[in-house]
Amino acid sequence: MERSPLKKADILLIAGILLAAVVLFCTQWLLAPRGETVVVSVNGEEIARYPLHTAVSVTLEGVGGQNRLVIENGTAHIEEADCPDKLCAQHTAISHVGDSIVCLPHRLTVTVIGSGEAPDAVVS
Amino acid sequence: MTKRIARCGLLIALAFVFSYIEAIFPFSLGIPGVKLGLANLVVVIALYLTDLPTAAVVSAVRMLLVGFTFSPPSTLLFSFSGGVFSLVVMWLLSRTRRFGPVGVSAAGGAAHNIGQCIAALYVLTPASVFSYLPLLMIVGCLTGAVIGFAADLLVQRLKSLKL
């Protein structure tokens with residue numbers, strides 16, 4: 001007798017769990033506040049801030065190379081970079097508070113913050 | 001009673017070996033908190049072929065042993081809360097008799113990760129924990145289902161042994 005290891009109830013249960021996870025993910029993503037400003041840091045030190053609502057294209061000086069940051073339509077992304085892996089350039093555009101793009105070779109990070117938010121910590 | 005002790009010992013040894021195998025060949029995909037959970041195979045089988053106390057003892061003793069051998073003791077809190085949560089969920093679901101080992105184990109896998117995230121609330125901020133939870137739940141559910149398929153095959157073959 002051929003017996004299926006997967007009952008209908010099992011499939012429904014698994015689908016339910018996956019659906020719950022997706023719903024949890026989507027609500028978090030939708031509820032995350034949109035940021036106002038991006039902070040650019042090199043080696044952990046802030047070098048510049050740009051408002052997210054003004055379109056701009058700037059070349060950032062990292063350690064040993066450059067990354068071009070483009071802000072448009074309220075989102076920020078790295079348009080191009082001369083680092084070896086170019087992972088930062090492949091990263092999708094960021095706009096929610098806490099989102100960040102990291103270029104490890106150039107020790108450069110671009111992080112979205114809310115309005116008038118103080119940095120988490122200042123190392124002097 | 002003697003049979004019970006022997007049975008527990010056998011299952012604990014088996015679960016411990018599975019943990020060892022997983023410690024040598026980690027299947028982590030580079031995501032912290034993700035693993036196949038081979039040892040959970042033994043817990044699922046214990047739940048189906050024996051009773052809740054046996055499954056609980058096997059799960060608890062295995063975690064204690066692993067916490068002092070293959071992984072740092074600081075991870076004990078995480079594995080305990082995950083293990084307890086997972087066992088309770090799997091026990092309740094298997095008692096309804098509506099689900100097979102695949103569904104039960106998949107739910108157990110997801111519950112394990114939920115339990116771990118609850119423990120992580122002690123050390124991390126809620127926002128960072130819960131942003132990670134959906135991914136862990138999906139992976140836990142899928143690896144749990146894989147373990148469930150194996151458990152299903154084994155339960156069919158071991159049923160006649162009257163463990």
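User: Okay, so helices here are DSSP runs of H or I, at least four residues long, numbered from the N terminus. Which helix does A:Ala21 lie in?

Analyst: A:Ala21 sits in helix 1 of chain A, which covers residues 8–31. Keep in mind that this is a predicted model.

User: Got it. Is A:Ala21 buried or exposed?

Analyst: A:Ala21 counts as buried, with a relative accessibility of 1%.

User: What is A:Ala21 in contact with, leaving aside its neighbours within four places in sequence?

Analyst: That would be B:Pro134, B:Met137 and B:Ile138.

User: And how far is A:Ala21 from A:Val110, C-alpha to C-alpha?

Analyst: Those two C-alpha atoms are 28 Å apart, and the residues are separated by 89 places along the chain.

User: Let's talk about where the chains meet. How many residues does each chain bring to the contact?

Analyst: Chain B brings 22 residues and chain A brings 15 residues.

User: How much area do chain B and chain A bury between them?

Analyst: About 1500 Å², and 74% of that is on carbon and sulfur atoms. On the chain B side, B:Phe99, B:Pro134 and B:Met137 together supply 26% of the area buried against chain A, which is more than any other three residues. Two of those names came up a moment ago, as B:Pro134 and B:Met137 are among the residues in contact with A:Ala21.

User: Why quote an area at all for an interface?

Analyst: The accessible area lost when the parts come together is often used to give the size of an interface.

User: How many salt bridges cross between chain B and chain A?

Analyst: The rule finds zero salt bridges across that interface. For polar contacts, the rule finds two residue pairs across the interface, both at pLDDT 80 or more.

User: Which helices of chain B supply at least two residues to the side that touches chain A?

Analyst: Helix 5 (101–120) and helix 6 (126–158) of chain B each do that. Helix 6 of chain B gives the largest share of that side, with eleven residues.

User: What's the mix of residue classes on that side of chain B?

Analyst: The side of chain B that touches chain A has 15 nonpolar residues, four polar ones and three charged ones.

User: Switching topic: how many salt bridges are there in the whole structure?

Analyst: The search finds three over all chains. As background, side chains of opposite charge can pair when their charged atoms come close.

User: Which ones are in chain A?

Analyst: One joins the side chains of A:Glu46 and A:Arg49, at 2.6 Å from N to O. A:Glu46 is partly exposed, at 40% relative accessible area, and A:Arg49 is partly exposed too, at 36%. Another joins A:Glu80 and A:Arg68, whose closest N and O atoms are 3.1 Å apart.

User: Where do A:Glu80 and A:Arg68 sit?

Analyst: A:Glu80 is in strand 5 (residues 75–81) of chain A and A:Arg68 is in strand 4 (residues 65–72), so the pair links distant parts of the chain, twelve residues apart. A:Glu80 is partly exposed at 46%, and A:Arg68 is partly exposed at 25%.

User: Which residues make the one in chain B?

Analyst: B:Arg4 and B:Asp51, with their side chains meeting at 3.3 Å, N to O. B:Arg4 is in helix 1 (residues 2–24) of chain B, while B:Asp51 is in the loop between helix 2 (39–49) and helix 3 (52–67), so this pair ties together parts 47 residues apart in sequence.

User: A:Glu46 rang a bell. What is A:Ser41 in contact with, leaving aside its neighbours within four places in sequence?

Analyst: A:Ser41 is in contact with A:Glu46, A:Ile47, A:Arg107, A:Leu108 and A:Thr109. A:Ser41 lies in strand 1 (residues 37–42) of chain A and is buried, at 12% relative accessible area.

User: Last one, cysteines. How many disulfides are there over all chains?

Analyst: Zero.

User: Why isn't A:Cys26 bonded?

Analyst: Because its closest cysteine sulfur, in B:Cys141, is 16 Å away, too far for a bond. A:Cys26 is partly exposed, at 36% relative accessible area.

User: And what's the nearest cysteine sulfur to A:Cys103?

Analyst: That of A:Cys83, at 3.6 Å. A disulfide needs the two sulfur atoms within 2.5 Å, so A:Cys103 is in no disulfide. A:Cys103 counts as buried, at 1% relative accessibility.

Definitions and conventions. Residues are numbered from 1 along each chain as its sequence is written. Chains are lettered from A and ligands numbered from 1 in the order in which they are written. This is a predicted model: local features need pLDDT of at least 70, side-chain atom pairs count only at pLDDT 80 or more; totals for chains, interfaces and linings use all residues. Side-chain values use heavy atoms; hydrogens and water are left out. Contact means heavy atoms within 4.5 Å. Buried area is the accessible area (1.4 Å probe) that two parts lose on being put together, summed over both. A salt bridge is a side-chain nitrogen of Lys or Arg within 4 Å of a carboxyl oxygen of Asp or Glu. A polar contact is a pair of N or O atoms within 3.5 Å; within protein, one must be able to donate a hydrogen and the other to accept it, and residues adjacent in sequence count only if both atoms are side-chain atoms. Ala, Val, Leu, Ile, Met, Phe, Trp, Tyr, Cys and Pro count as nonpolar, Asp, Glu, Lys and Arg as charged, and the others, Gly among them, as polar. Buried means under 20% relative accessible area, exposed over 50%, partly exposed in between (1.4 Å probe, protein chains only).
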